[in-house]
Amino acid sequence: MLGDLLSQSADAEPPQRALDLETKLTLISNERRRLIITILDEHGPTRRTELAREMAERQTGTRQGTEYKKRYVGIYQSHLPKLEQHDIITQTDGDIVQPGENFGEVLELLVDVRAHQGGSA
């Protein structure tokens, strides 16, 4: 019986930890991370390549070339891992980026900040 309980608790998912305000503010302090969150909110699960193209278009007006490549490398090496570490997003083997368990928490804060600044989410 004790063995069964120990085995069940070892197999169980760890409880989801809530993000503190400082962590959430740090995560949305970067423009590219804000764009990732916004694009996922608008489009749902998105391929990493399309995410980079959409970011390049919103920031520079073009979806191709060096602007796209710069964004792809940046999100791949820095921003997506940081968001994934805090369960804001998850990534599949097929390079699909999708909202994670804490996505709603961070999106809500981002919407509130933008409303306070007079902008849109």
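**Exercise 1. In which handedness, left-handed or right-handed, does helix 4 pass helix 5?** Work out the crossing and the residues that form it.

*Solution.* A word on the model before we start: it is predicted, so local features need pLDDT of at least 70 and side-chain atom pairs count only at pLDDT 80 or more, while totals for chains, interfaces and linings use all residues. Residues are numbered from 1 along each chain as its sequence is written, and side-chain values use heavy atoms, with hydrogens and water left out.

Step 1: find the elements. Helices (H or I, at least four residues) and strands (E, at least two) are DSSP runs, numbered from the N terminus. Helix 4 covers residues 48-60 and helix 5 covers residues 65-85.

Step 2: compare the axes, which are lines fitted to C-alpha atoms, for helices over the stretch in contact, with angles from 0 to 180 degrees between N-to-C directions. The two axes come within 8 Å and cross at roughly 120 degrees. Helix 4 and helix 5 are therefore oblique to each other (under 35 degrees is roughly parallel, over 145 roughly antiparallel, 65 to 115 roughly perpendicular, and the rest oblique).

Step 3: settle the handedness. Helix 4 passes helix 5 in a right-handed crossing, meaning that the near helix is turned clockwise from the far one by less than a right angle.

Step 4: list the contact (heavy atoms within 4.5 Å). Helix 4 brings R48, T49, L51, A52, R53, M55, A56, Q59 and T60, and helix 5 brings E67, Y68, R71, Y72, I75, Y76 and L80. By class, these residues are 9 nonpolar, 3 polar and 4 charged (nonpolar: Ala, Val, Leu, Ile, Met, Phe, Trp, Tyr, Cys and Pro; charged: Asp, Glu, Lys and Arg; polar: the others, Gly among them).

**Exercise 2. What is the strand order of the open sheet?** Build the sheet from its pairs.

*Solution.* Step 1: place the strands along the sequence. The protein has 6 helices and 3 strands, in the pattern α-α-α-β-α-α-β-β-α.

Step 2: look for pairs (DSSP must find at least two bridges between two strands). Strand 1 (residues 46-47) pairs with strand 3 (residues 96-99) in the antiparallel sense over 2 bridges, and R47 has I96 as its bridge partner. Strand 2 (residues 89-91) is joined to strand 3 by 3 bridges, again antiparallel. Here I89 stands opposite P99, and T90 opposite Q98.

Step 3: assemble. The order is 1-3-2, with strand 1 and strand 2 as the edge strands, each pairing on one side only. Helix 5 packs on this sheet, touching strand 2 and strand 3, and its direction makes about 115 degrees with that of strand 2.

**Exercise 3. Is R48 buried or exposed?** Then look at two aspartates with positive phi.

*Solution.* Step 1: R48 lies in helix 4 and has a relative accessible area of 8%, so it is buried (under 20%; exposed is over 50%, partly exposed in between, with a 1.4 Å probe and protein chains only).

Step 2: list its neighbours. Not counting residues up to four places away in sequence, R48 touches Y72, I75, Y76, L80, Q91, D95 and V97.

Step 3: turn to the backbone. Most residues other than glycine have a negative phi. D95, in the loop between strand 2 and strand 3, has a positive phi of about 65 degrees and is partly exposed at 31%. D87, in the loop between helix 5 and strand 2, has a positive phi of about 60 degrees and is partly exposed at 25%.
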